[in-house]
Structures are given as structure tokens and as C-alpha cells.
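User: I'm just getting started with protein structures and would love a close look at how two helices pack against each other. Could you walk me through one such spot, with a bit of background on the chain around it?

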Protein chains: 2
Amino acid sequence: MDKKLMNISISMLLLRLLEEQDRYGYELIKELEARSENVFSLKEGTLYPILHTLELEGAVEGYEKAAETGRTRKYYHITKKGLKLLAEKKKEWDTYQKAVNHVIGGMEYEYSTEYGTAAWGF
Amino acid sequence: MDKKLMNISISMLLLRLLEEQDRYGYELIKELEARSENVFSLKEGTLYPILHTLELEGAVEGYEKAAETGRTRKYYHITKKGLKLLAEKKKEWDTYQKAVNHVIGGMEYEYSTEYGTAAWGF
DNA sequence: TGACATACCTATGTAAACTAGGTATACTTA
DNA sequence: TAAGTATACCTAGTTTACATAGGTATGTCA
């Protein structure tokens, strides 16, 4: 468990996006904005240090790759360790979520078997 | 919205407990532990400063009251301002929760009309 | 009587995330 | 073609929620 009460780390969200496919920093920011409908709008100053830390921890691996435009981007790939970390963080989030809802009351929920259910308005 | 991404404050949980009835500090800690099944276990060093801040902000009002044992306790009462703050924080939490789940995927939920539903295992 | 639970408090530390800058390339449009 | 905007990466310094680690004092139970 994280020390910081109810502080679900951004890294969980980033790892989740990298679980799907390799992505570069700027792309992660835009994708996160899109999926969260602008609830999560990371500044570069927030994102890049986190990515560097994740790389140091061995949760992701960065590599340079040229875009179609010729411009070089730094892509990140999630490692086995990263996948494990993601699973842990998801479990933590679930625990916190349940506990908070239990305290404030009034919310019922259940898991669905697939990513992105009708409940989310897809 | 709070600046701190996904950092849902403890104050929301405390205000929620004070919404039900006046309580004293130590009681809040124990009640929070009980309701969250020990997920949230505040240290006194965490709780009391938060209560003092909430009082300074006018969200709660403290008053001394003797317990049956004769011992004096400091009870806190939630104010109108506190109730408003709680409502805001609940809304924030709901927004964050939805956004996180939207990103990590796979969770469906709906509101129930009453506090404490069967889904929570009461 | 000595340990433990209750009940309150403050000073200091830590780390996640933000603020506020910086650099440089590609695209768009006036 | 110049200027503005979007893309794409980076670091130093700051903020602040919460934890750590201490303190005091009363009530209870073995």
C-alpha cells in the first residue's frame, strides 16, 4: 500500500496506456486527456520526470524512433516488471475506491469482463 | 478541482462522518478504520491538524463536552459551509473516479438511492 | 502498579505533483 | 516568407498533503 492515503499515482494511468501499445510522452498526455475527457491534463513538467523514474525502476524502456515526419520521438515500452506494477496499482486503486465509497456511501458497482463497457458511453 | 491529481482529501471522509453526527477526534479515527475495514487508519498526527484547519476554514465547529467517564472530549460539529464543502468534494471524487475507471477500463457502476447497499456486503 | 487504551497536541520530514521556465522542430496561414 | 501555433522533449525549484516521531495526560484492567 502507498503511504499516501488515497493518492493514486499517475504512473498507474500511464502504465495502463502503455499496456496497450508503445507510446511517446506527448502522445500519453493527449491520450490521457481524451480518455478522461480532460479531467487529467498533465503538464510536460509532470509527465517527463515520471517517465524517467519509471524507466529507472525498470517498469518501462525508452527507445528513439523516427516519426513519419522524420522527427525523432522517444517511445516507451512497458516491461514485465511494469505490468506487475500496474496490476498492483490497479488492486490498490480498487481497494481505495471501495473503501472511500463505503465511507461516503451510496455507490454500487460491479466489474465488467471487457474494457470499455456501455456504461461508459462508448 | 484540486490541484493535486487524484488526491482526494481525508477531509471529505471526515466531513462525511460528521454529517451523520457530532464526533470527537479519536472517535473519527476509530470509525474510519471500522468503515473502511482498516484501509484508512489515520494517525493522530494526521487527524488533529486537519480538524484544526477545517475549523479555521469554518467547515466545522469544535466544542468541549464531558464524556460519561467525566473526561473531557473535543467534539466537532459540521457547519453549513462544511456541508457545502462536502458536497463539492463528493462531486470531485465522483469525477475522478469515473475518469480513472474510464482510463483503466473495465468497471461499470451505478448509483443506488440509499446509503449502504447490498453490493457493499452490509 | 504497570501496561494499555483513550484522548489530545506540535514540529519536522517526505515525496508526489505542480509551476515556470527552457530548447527545438514541424505545420499552418496570413 | 514570416509569424504563430502545435508538437516534442527537458530541468530546477516550489508547494502541500500526509506521515513520522515525538510529547502530555486521563481512565481502565490485570
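Before we zoom in, what share of the contacts in chain A with a separation of 6 or more comes from residues 24 or more positions apart?

Analyst: Keep in mind that this is a predicted model. As for your share, it's 47%: that's how much of the contacts with a separation of 6 or more in chain A comes from residues 24 or more positions apart. Chain A is built from four helices and four strands, and going along the sequence they come in the order α-β-α-α-β-β-α-β. Of the 122 residues in chain A, 47% are buried. The accessible surface of the chain adds up to about 6700 Å², with 50% of that belonging to carbon and sulfur atoms.

Now for the helix pair. Helix H1 of chain A covers residues 10-20, and helix H4 of chain A covers residues 80-104. Their axes sit 9 Å apart, and the two helices pack at an angle of about 130°. Because of that angle, H1(A) counts as oblique to H4(A). The crossing of H1(A) past H4(A) is left-handed.

So who touches whom? On the H1(A) side you'll find Ser11(A), Met12(A), Leu15(A), Arg16(A) and Glu19(A). They meet a set of residues in H4(A): Gly82(A), Leu83(A), Leu85(A), Leu86(A), Lys89(A), Lys90(A) and Trp93(A). Sort the residues of this H1(A)–H4(A) contact by character and you get six nonpolar, two polar and four charged.

Note on methods:
Residues are numbered from 1 along each chain as its sequence is written. Chains are lettered from A and ligands numbered from 1 in the order in which they are written. This is a predicted model: local features need pLDDT of at least 70, side-chain atom pairs count only at pLDDT 80 or more; totals for chains, interfaces and linings use all residues. Side-chain values use heavy atoms; hydrogens and water are left out. Axes are lines fitted to C-alpha atoms, for helices over the stretch in contact, and angles run from 0 to 180 degrees between N-to-C directions. Angles under 35 degrees count as roughly parallel, over 145 as roughly antiparallel, 65 to 115 as roughly perpendicular and the rest as oblique. A crossing is left-handed if the near helix is turned anticlockwise from the far one by less than a right angle, and right-handed if clockwise. Contact means heavy atoms within 4.5 Å. Ala, Val, Leu, Ile, Met, Phe, Trp, Tyr, Cys and Pro count as nonpolar, Asp, Glu, Lys and Arg as charged, and the others, Gly among them, as polar. Buried means under 20% relative accessible area, exposed over 50%, partly exposed in between (1.4 Å probe, protein chains only). Accessible areas come from the Shrake-Rupley method with a 1.4 Å probe; for residues, only the protein chains shown count as cover.
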